[in-house]
Amino acid sequence: MLNNQLNNWRKSLEKRKQEGTLRVLRPQTQEIDFYSNDYLGLAGNRSFQNRLLGKISENPRLLTGSTGSRLISGHSIIVSETEDYIAKEHQFPCALLFSSGYNANLSLFSTLLNRHDTLIMDEQIHRSVHDGCRLSNAKKIKFKHNDLQDLEDILKRQKGGCYVAIETLYSMDGDIAPIEEIVQITEKYNANLIVDEAHAFGVFGYGMIEKFRLHDKVMAVVVTYGKALGTHGAAILCNKTIRSYLINFASPFIYTTSSHDFLWMSIKEGYEFLKQNHQLAMDLQENIKIFRKQNLRYASSEKSPIQAILIPENNRLRNLKEILFENGMLTYAVFSPTVKTGTERLRICLHSFNTAQEIVKLTQIIEEFNDKNE
Ligand SMILES: Cc1ncc(COP(=O)(O)O)c(C=O)c1O
């Protein structure tokens with residue numbers, strides 16, 4: 001039996017290899033970073049690191065384990081204070097911390113929804129939302145990416161409890177959701193809106209919900225800290241009842257050891273650091289402007305740190321990625337079938353720390369490549 005299984009698994013892996021889609025783990029290297037989510041460079045920021053080091057030397061206990069789940073021995077004063085702090089910063093009644101955005105979404109969707117509910121999600125929503133929905137046994141319907149008409153058409157046909165899940169800044173194409181219009185539609189059909197701000201948080205202040213003052217229009221918001229904040233973890237922003245319901249019924253929250261206090265402390269320090277270093281988000285926007293001035297074929301929104309450049313055909317895309325790598329630049333290629341054939345794209349993540357020369361060189365290489373391969 002085991003041999004049979006192993007053979008099946010080998011075949012699946014072989015198939016991926018032949019298609020050129022086999023996933024392998026590669027160690028980080030020192031090339032120029034045009035691929036990470038460290039949009040503001042906080043993960044490598046010496047001054048932020050020194051601030052955290054100071055906290056650790058004052059209290060080395062931050063580094064060691066939390067000793068248990070949040071509901072038993074793991075609910076430290078620091079995690080509790082950090083949640084209060086986050087709720088206040090975002091002007092939400094409550095916040096609940098998780099060790100990752102994946103776990104936050106898994107908890108939220110698997111717990112709030114049940115098999116009588118319907119979750120209508122943007123077709124490009126993050127995998128964690130699909131997985132949470134699957135655990136909840138709710139019915140899943142996808143609407144066309146950022147398509148208001150399609151969302152409304154689907155909502156019109158629903159009877160009973162309905163939820164809508166979107167992101168504000170999408171990571172594949174770097175485009176932004178029409179959040180104000182989506183809120184109008186979900187209000188009209190009395191659907192519960194849940195918003196994932198993983199990529200928007202830190203890049204656009206505290207995110208789009210804050211920017212457009214939509215706090216009262218959403219059921220819950222997820223912010224994550226492994227991207228622009230340069231640390232790790234996530235928070236669900238919600239009301240008191242939802243927080244208590246999650247604490248009582250969310251398996252991914254209940255049945256796991258809480259993270260060490262260092263994580264919670266670094267999240268709080270990250271907020272403070274962001275507040276004192278607005279320049280970083282401005283530097284990022286300046287770099288996005290420099291990039292956009294080069295007039296490549298973009299699929300992304302103008303102010304997005306994620307810029308997707310259409311390079312149709314997997315082989316062409318693979319070649320370009322290799323050429324960039326040979327020139328010391330790390331980018332991420334999105335091949336078909338992950339995206340539709342003909343819409344294969346090079347995903348470039350811009351950062352506050354990229355230099356103008358690096359950005360211009362990157363775009364020149366892409367342009368030369370396109371001229372040669374058109
Ligand atoms: C939109 C979105 N939501 C959630 C997550 C998961 O967050 P984390 O990496 O903290 O688990 C990601 C990360 O890739 C994401 O892009």
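**Exercise 1.** State how helix 6 and helix 7 are oriented to each other, and identify the residues in contact.

*Solution.* Helix 6 and helix 7 are roughly parallel to each other, a label for angles under 35 degrees, whereas over 145 counts as roughly antiparallel, 65 to 115 as roughly perpendicular and the rest as oblique. The angle between helix 6 (residues 148-156) and helix 7 (residues 179-188) is about 10°, and their axes are 10 Å apart. Axes are lines fitted to C-alpha atoms, for helices over the stretch in contact, and angles run from 0 to 180 degrees between N-to-C directions. Helices (H or I, at least four residues) and strands (E, at least two) are DSSP runs, numbered from the N terminus.

Next, list the contact (heavy atoms within 4.5 Å). Helix 6 supplies L148, L151, E152 and L155, and helix 7 supplies E181, I182, I185 and K188. By class, five are nonpolar, none polar and three charged.

The model is predicted: local features need pLDDT of at least 70, side-chain atom pairs count only at pLDDT 80 or more, and totals for chains, interfaces and linings use all residues. Residues are numbered from 1 along each chain as its sequence is written, and side-chain values use heavy atoms, leaving out hydrogens and water.

**Exercise 2.** Describe the shell around the ligand and the polar contacts of G101, Y102 and H199.

*Solution.* Start with the residues that have a heavy atom within 4 Å of the ligand: S100, G101, Y102, N105, H126, S128, E167, D196, A198, H199 and K227. Helix 4 (residues 101-112) gives the most, with three residues.

Then take the polar contacts (pairs of N or O atoms within 3.5 Å). A polar backbone atom of G101 is 2.8 Å from a ligand oxygen atom. For Y102, a backbone N or O atom lies 2.8 Å from an oxygen atom of the ligand. The side chain of H199 has an N or O atom 2.7 Å from a ligand oxygen atom.

**Exercise 3.** Locate the cis peptide bond that joins S336 and P337.

*Solution.* Omega of this bond is about 15°. P337 is in the loop between strand 11 (332-334) and strand 12 (345-349).

Methods:
Ala, Val, Leu, Ile, Met, Phe, Trp, Tyr, Cys and Pro count as nonpolar, Asp, Glu, Lys and Arg as charged, and the others, Gly among them, as polar. A polar contact is a pair of N or O atoms within 3.5 Å; within protein, one must be able to donate a hydrogen and the other to accept it, and residues adjacent in sequence count only if both atoms are side-chain atoms.
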